[in-house]
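Colleague: Could you walk me through reading a structure like this one, feature by feature? I would like the general idea, then the case at hand.

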Amino acid sequence: MHEGAADPGLYDFRPNRDRAKIEWPEGKTVAVWVSPNIEFYELDPPANPHRKSWARPHPDVVGYSHRDYGNRVGHQRLVDAMERHGFKGSVSLSVAMCQHHPEIVDQVNALGWEFFSHGVYNTRYSYGMDEAQERALIEDAIATVRTATGQTIKGWLAPALTHTPRTLDLIAEYGLTYTCDLYHDDQPGPVHVKSGRLISMPYSLEVNDHYGFLVYNMSPREYAQTLIRQFERLAAEGAASGTVMCIPLHAYLIGQPHRIAAFEEALRHIAADGRAWITRSGDIADHFLANGYDAATADAARYLEAR
């Protein structure tokens with residue numbers, strides 16, 4: 001018997017080979033959703049003792065202005081490409097955008113895009129928050145998005161992917177139904193929380209344009225081909241049980257003039273294939289909660305009994 005850290009208990013282990021089948025609408029094999037991160041970065045944010053906001057000493061004019069390109073220019077290129085091929089965005093939103101650039105929020109809301117929370121600013125982190133502060137963050141996100149758009153957020157992606165030990169329990173308590181902060185699967189699944197029902201929504205780091213361009217140093221063509229390979233594999237495997245493909249994007253990266261055309265070719269390929277349920281993250285969550293959640297919970301119980 002090996003000694004070590006206890007299982008954190010975030011979710012049950014369910015081997016992929018033994019799961020109940022997930023079926024998507026109209027017999028589609030893979031649910032495809034695109035997640036533009038529409039973010040606001042502060043030039044000189046308050047310091048967090050657990051993590052620096054910028055690599056350079058503050059104010060980091062280079063980092064701030066590079067990201068501001070996305071809201072000023074790249075955003076419209078991304079919107080145009082997605083709309084041409086029938087993709088409605090599921091926006092990972094820095095909710096401060098509702099005050100700083102409301103015209104962007106209004107534009108995509110009118111197009112039928114969905115919003116979920118990515119915190120208030122992407123330069124302010126959850127690390128070190130006490131419970132009252134984290135509750136205030138969640139309440140602010142819910143109220144701000146509802147006032148600005150009429151939508152009630154269903155999902156959460158922690159600001160700059162930062163968390164506390166209570167984050168998942170709190171978002172479920174406030175009625176959110178999915179988190180994008182678990183990168184462990186190609187299918188949705190139940191998450192253990194103290195109250196409510198919360199599922200993990202597949203959100204990819206591997207085909208995130210941030211990783212593609214800034215970590216893996218891909219060319220635009222290499223990134224587009226990676227998206228196509230990701231789609232082809234998941235669409236094929238989804239014939240046995242429906243899979244999910246998320247394409248997380250940042251307009252300051254994918255919206256650059258030399259990148260957008262290759263990306264649009266990937267969208268064209270996916271849209272023309274016929275196996276994709278092109279949808280939004282909240283629609284995937286609603287479908288899975290109604291049609292797959294109970295079976296997934298039973299899968300986990302059977303696996304534990306068999307061990």
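Modeller: Happily! Let us begin with exposure: a residue is buried under 20% relative accessible area, exposed over 50%, and partly exposed in between. Keep in mind that this is a predicted model. Take Arg197: its relative accessibility is 38%, so Arg197 counts as partly exposed.

Colleague: Which residue forms a salt bridge with Arg197?

Modeller: The general idea is that a salt bridge is a side-chain nitrogen of Lys or Arg within 4 Å of a carboxyl oxygen of Asp or Glu. Here the partner is Asp294, and the closest N and O atoms are 4.0 Å apart. This pair links distant parts of the chain, 97 residues apart: Asp294 sits in helix α11 (residues 293–306), while Arg197 is in the loop between β6 and β7 (198–200). Asp294 has a relative accessible area of 57%, so it is exposed.

Colleague: How many salt bridges does that rule give?

Modeller: The count comes to 14 salt bridges. One of them joins the side chains of Asp185 and Arg19, at 2.7 Å from N to O. That pair also links distant parts of the chain, with the two positions 166 residues apart: Asp185 is in the loop between β5 (178–179) and β6 (189–191), and Arg19 is in the segment before β1 (30–38). Asp185 is partly exposed at 23% relative accessibility, whereas Arg19 is buried at 17%.

Colleague: And where do Arg268 and Glu265 lie?

Modeller: Both are in helix α9 (residues 260–273), three residues apart, which is about one turn of the helix. Their side chains meet in a salt bridge of 2.2 Å, N to O. Arg268 is partly exposed at 35% relative accessibility, and Glu265 is partly exposed too, with 38%. Salt bridges can also form a network, and here one links Glu131, Arg135 and Glu173.

Colleague: Now His118: is it buried or exposed?

Modeller: With a relative accessible area of 3%, His118 is under the 20% cut-off and therefore buried. His118 is found in the loop between β3 (114–117) and α4 (131–149).

Colleague: What does the side chain of His118 make a polar contact with?

Modeller: For polar contacts, look at pairs of N or O atoms. The His118 side chain makes one with the side chain of Glu39, at 3.2 Å. In addition, the backbone oxygen of Ala158 lies 3.1 Å from a polar atom of the His118 side chain. Leaving aside residues up to four places away in sequence, His118 touches several others, including Asn37, Ser92, Leu93, Pro159 and Leu161.

Colleague: How should I read the nonpolar core, and which members touch the most others?

Modeller: Think of buried nonpolar residues joined through side-chain atoms. The largest core has 63 residues, and those touching the most other members are Val32, Leu93, Tyr223, Met245, Ile247 and Phe263. Helix α7 (residues 220–237) gives the most to this core, with seven residues. A second, separate core has 20 residues, among them Tyr178, Cys246, Ala285 and Tyr293. As for Phe263, its contacts beyond four places in sequence include Leu78, Leu227, Leu249 and Ile254.

Colleague: Which residues make a nonpolar patch on the surface?

Modeller: Leu214, Val215 and Tyr216 make one of about 260 Å². Leu214 belongs to helix α6 (residues 209–215), and with a relative accessible area of 42% it is partly exposed.

Key. Residues numbered from 1 in each chain as written. Predicted model: local features only at pLDDT ≥ 70, side-chain atom pairs only at ≥ 80, totals over all residues. Heavy atoms only, no water. Patch = residues over 30% accessible without salt bridge, like charges linked within 9 Å, V, L, I, M, F, W, Y side chains within 5 Å. Areas by Shrake-Rupley, 256 points an atom, 1.4 Å probe, with all protein chains shown as cover. Helix = DSSP H or I, 4+ residues; strand = E, 2+ residues; numbered from the N terminus. Buried < 20%, exposed > 50% of the residue type's maximum accessible area, 1.4 Å probe, protein only. Polar contact = N/O pair within 3.5 Å; in protein donor to acceptor, adjacent residues only side chain to side chain. Contact = heavy atoms within 4.5 Å. Core = buried A, V, L, I, M, F, W, Y, C linked by side-chain atoms within 4.5 Å.
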